[in-house]
Amino acid sequence: MAQPLLEARGLTKRFGHVRALQDADFTAYPGEVVALIGDNGAGKSSLVKTLSGTIRPDGGQILVDGSPVDLSSPLDARRYGIETVYQDLALAPDLDAAANLHLGRELYRGGLLGRLGVLDHAAMRRSAVTAFAELGVDLQDVGAPVATLSGGQRQSVAVARAVAFANRIIFMDEPTAALGVVQRGRVLDTVRRVRDRGICVVLISHNMPEVLSVADRVEVLRLGRRVARFTAADTTVEELVGAMTGALDAEAAEAEARAEAARSAPAGPGPGADAPRKDGAQ
Ligand SMILES: Nc1ncnc2c1ncn2[C@@H]1O[C@H](COP(=O)(O)OP(=O)(O)OP(=O)(O)O)[C@@H](O)[C@H]1O
């Protein structure tokens with residue numbers, strides 16, 4: 001496989017007595033959708049915040065393109081092409097979609113004598129129209145306040161904002177939470193289009209069918225640690241849930257215990273008599 005774009009190795013993070021991350025690993029490759037799943041409190045948000053420069057880990061390493069990096073702020077993460085779309089979206093409801101797209105990164109017309117120019121609304125609208133068109137986001141009026149848009153459209157604006165500035169990797173924390181079926185489908189289409197542009201999308205989701213429909217790979221966190229990795233095409237909802245809850249481990253441990261009991265059982269009639277013997281004798 002290609003060189004990982006972003007890697008977490010042995011990350012730890014404590015909040016008081018709570019160990020949110022315990023030796024957590026994570027790997028993301030270019031041009032893939034990788035789902036990060038886990039039960040409530042498994043450490044998904046803590047991992048994402050660590051990898052997007054919002055919180056600092058207590059220990060472990062973060063690598064970009066194989067080299068260790070220090071992400072001490074979201075700005076640092078942005079310098080590496082890492083963007084995050086949070087659950088609460090952080091959009092300004094009274095501003096229009098174009099202004100939201102450029103929030104914090106406004107375009108100005110040149111001022112005189114080196115002074116800061118004035119906001120270039122026309123340029124921001126043009127760039128917004130292009131950005132939305134590229135993602136297939138259907139907005140009739142980029143000049144309407146985002147408060148008047150539907151949930152799915154707002155979500156798409158937030159995604160487009162991240163995509164406009166992320167050139168390498170986007171974390172999306174529950175991007176379809178609280179959306180209707182149609183809107184959900186649109187956001188997932190956007191995720192696929194972003195992936196097809198060569199950008200890695202890290203999708204945090206509790207919705208397993210959705211994970212399997214859009215992700216290429218799945219990484220599973222439990223109790224602050226990565227416990228399993230799957231290729232989406234080769235797994236099932238049951239398997240994912242089993243890894244999240246630990247049931248798979250329990251099953252594997254039980255099978256191992258049964259095999260061990262069979263191996264150590266004395267030969268001859270009895271409960272262990274049917275088990276295949278190591279030496280092949282029947
Ligand atoms: N700022 C914080 N202060 C104290 N404890 C925290 C903080 N952030 C996270 N935790 C704790 O760390 C653990 C992991 O939380 P985290 O939010 O990372 O999990 P999660 O997998 O994102 O959960 P969910 O799916 O419920 O959002 C939890 O026990 C949580 O209570």
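A residue is near a molecule or strand if one of its heavy atoms lies within 4 Å of it. Keep that in mind for the exercises below. The model is predicted, so local features need pLDDT of at least 70 and side-chain atom pairs count only at pLDDT 80 or more, while totals for chains, interfaces and linings use all residues. Residues are numbered from 1 along each chain as its sequence is written, and side-chain values use heavy atoms, with hydrogens and water left out.

**Exercise 1. The ligand and its shell**

Task: Find which residues are around the ligand, and which element gives the most to the shell.

Solution, step by step:

1. Start with the list. The residues around the ligand are Phe15, Val18, Ala20, Asp39, Asn40, Gly41, Ala42, Gly43, Lys44, Ser45, Ser46 and His206.
2. Now look at the elements. Helices (H or I, at least four residues) and strands (E, at least two) are DSSP runs, numbered from the N terminus. Both β2 and α1 supply at least two residues of the shell, and α1 gives the most, with three residues.
3. Next come the polar contacts (pairs of N or O atoms within 3.5 Å; within protein, one must be able to donate a hydrogen and the other to accept it, and residues adjacent in sequence count only if both atoms are side-chain atoms). A backbone N or O atom of glycine 43 is 2.9 Å from a ligand oxygen. For serine 46, a side-chain N or O atom lies 2.6 Å from an oxygen atom of the ligand. Histidine 206 has a polar side-chain atom 3.0 Å from a ligand oxygen.
4. Finish with the cover. On its own the ligand has 630 Å² of accessible area, and the protein covers 59% of this. Such areas come from the Shrake-Rupley method with a 1.4 Å probe; for residues, only the protein chains shown count as cover.

**Exercise 2. A sheet of four strands**

Task: Work out the order of the strands in the open sheet, and where its edges are.

Solution, step by step:

1. Two strands pair if DSSP finds at least two bridges between them. The order in this open sheet of four strands is β2-β1-β4-β5, with antiparallel pairing.
2. At the edges are β2 (18-28) and β5 (67-69), each of which pairs on one side only.
3. Neighbouring strands are turned by 35° against each other on average, direction ignored. Axes are lines fitted to C-alpha atoms, for helices over the stretch in contact, and angles run from 0 to 180 degrees between N-to-C directions.
4. Go through the pairs. Seven bridges link β1 and β2, five join β1 to β4, and three join β4 (residues 59-64) to β5.
5. Follow glutamate 7: its bridge partner in β2 is threonine 27, and in β4 the partner is leucine 63. Valine 64 has serine 67 as its bridge partner in β5.
6. Look at the turn. β1 and β2 form a hairpin with two residues between them, and glycine 16 in that turn has a positive phi of about 60°.
7. Add the helix. Helix α1 (residues 44-51) lies across β1 (6-15), β2 and β4, and runs at about 115° to β1.

**Exercise 3. Two positive phi values**

Task: Is glutamate 174 buried or exposed, and is leucine 223 buried or exposed?

Solution, step by step:

1. Most residues other than glycine have a negative phi. Yet glutamate 174, which is not a glycine, has a positive phi of about 50°. Leucine 223 also has a positive phi, near 50°.
2. Place both residues. Glutamate 174 is in the loop between β7 (169-173) and α6 (181-196), while leucine 223 lies in the loop between β9 (217-222) and β10 (225-231).
3. Apply the cut-offs: buried means under 20% relative accessible area, exposed over 50%, partly exposed in between (1.4 Å probe, protein chains only). Glutamate 174 is buried because its relative accessible area is 13%. Leucine 223 is exposed because its value is 63%.

**Exercise 4. A residue in helix α3**

Task: What does asparagine 100 touch?

Solution, step by step:

1. Find asparagine 100 in helix α3 (residues 97-101). This residue counts as buried because its relative accessibility is 0%.
2. Contact means heavy atoms within 4.5 Å. Not counting residues up to four places away in sequence, asparagine 100 touches Leu91, Ala92, Leu95, Val146, Val157 and Arg161.
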